[in-house]
Amino acid sequence: AGTAEAFINTRKTGEIKVLKQVEGTSDKTKVFWFIMTLTKGTDKISGTYSVEVTASGDQATQFPQNKITFNDAGQAIFSLKADEYVIVKSLPTGVTYTVDELNETGHKMPDGYGKTTPTDVATGTITETPSEADFINTYHLDTTSISFGGLKTIEGRDSTEKVFSFKLYETKEDYDYTTKTPFSVKTTTTDGPIGTTGRTYT
C-alpha cells in the first residue's frame, strides 16, 4: 500500500506599527489622522486584520474587537494621539504599506503643529521582521506681539523739574527681576504718554 504524505503550507506574515509622538508641548489630547494603504504589485489589498493598540476609549471605538478593515482601495483611516500606537498584525509578507498623516477637511492637523518626521510618507514592504513607522509632530507657538505703554501725570509742581524713569522687565512668580536687565527704559520730564514699547514672543 502506498504511503500518504501531508503537505502543510504556512503563510508567512508580518506586522506594521504606527507610533505618534509630539515635541514642543506636553498636551496629549490632540488628535492626528492617518491613512494606511496596502498594495501588492497593482493589486489593492483589502480585508480585516487584527490590531494591537494602546489603551484608549477612542481607540476602542475605532478598532472594535481589535480589528481594522481596509476597503476595496486597500485603505484604512484611523487616528492617534501623542504616545499612542497601533500595530496591524498578520499582514501577508510582500505587501507594500504606505502610511501618511492627513491634513484635509474632516481630518485636519491640530493648529500649531507641523510634521517633522517623516517629511513625506512612510512606506516599506511587510516582512517577517516587524516594521515601524514613527510620526513626529512639533508644536510651534504662534508669534505674538505685545505693546506696552502708560501715562505720566504730574501735579503740584513744575513737571520739568524732575526726570522720571520707567523700566520694563519680564518677570514671573519667584523670579528676582531686580538682578536682570530691563528690555525697555523710558524717561520723561513732562505730562503725557510714556511711550509704547513692542515685544515679540514666539
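Side chains along strand β10 (residues 122-125) alternate in direction. Ala122 and Gly124 are directed to one face and are buried, whereas Thr123 and Thr125 are directed to the other face and are not buried. In a regular strand, side chains alternate between the two faces of the sheet. Burial is defined here as under 20% relative accessible area, with exposed meaning over 50% and partly exposed lying in between (1.4 Å probe, protein chains only). Strands, like helices, are DSSP runs numbered from the N terminus, with at least two residues of type E for a strand and at least four of type H or I for a helix.

The structure is a predicted model, in which local features require pLDDT of at least 70 and side-chain atom pairs count only at pLDDT 80 or more, while totals for chains, interfaces and linings use all residues. Residues are numbered from 1 along each chain as its sequence is written, and side-chain values use heavy atoms, with hydrogens and water left out.

Strand β10 pairs with strand β8 (residues 96-101) in the antiparallel sense over 4 bridges; pairing requires that DSSP find at least two bridges between two strands. Within this pairing, Gly124 of β10 stands opposite Tyr97.

Strand β8 also contributes to the salt bridges of the model, as shown by Glu101 and Asp100. A salt bridge is taken as a side-chain nitrogen of Lys or Arg within 4 Å of a carboxyl oxygen of Asp or Glu, and 6 are counted by this rule. In one of them, the side chains of Glu101 and Lys20 meet with an N to O distance of 3.2 Å. This pair links distant parts of the chain, with Glu101 in strand β8 and Lys20 in strand β1 (residues 13-23), 81 residues apart. Both partners are buried: Glu101 has a relative accessible area of 7%, and Lys20 one of 0%.

A further salt bridge from β8 joins Asp100 to Lys115 (3.3 Å, N to O). Here strand β8 is linked to strand β9 (residues 113-117), the two residues being 15 residues apart. Asp100 is partly exposed at 25% relative accessible area, and Lys115 is likewise partly exposed at 26%.

Lys89 and Glu52 form another salt bridge, their closest N and O atoms lying 3.6 Å apart. The residues belong to strand β7 (residues 85-92) and strand β4 (residues 47-53), respectively, and are separated by 37 residues. Lys89 is partly exposed at 24% relative accessibility, as is Glu52 at 33%. Together with Glu15, these two residues are linked in a network of salt bridges.
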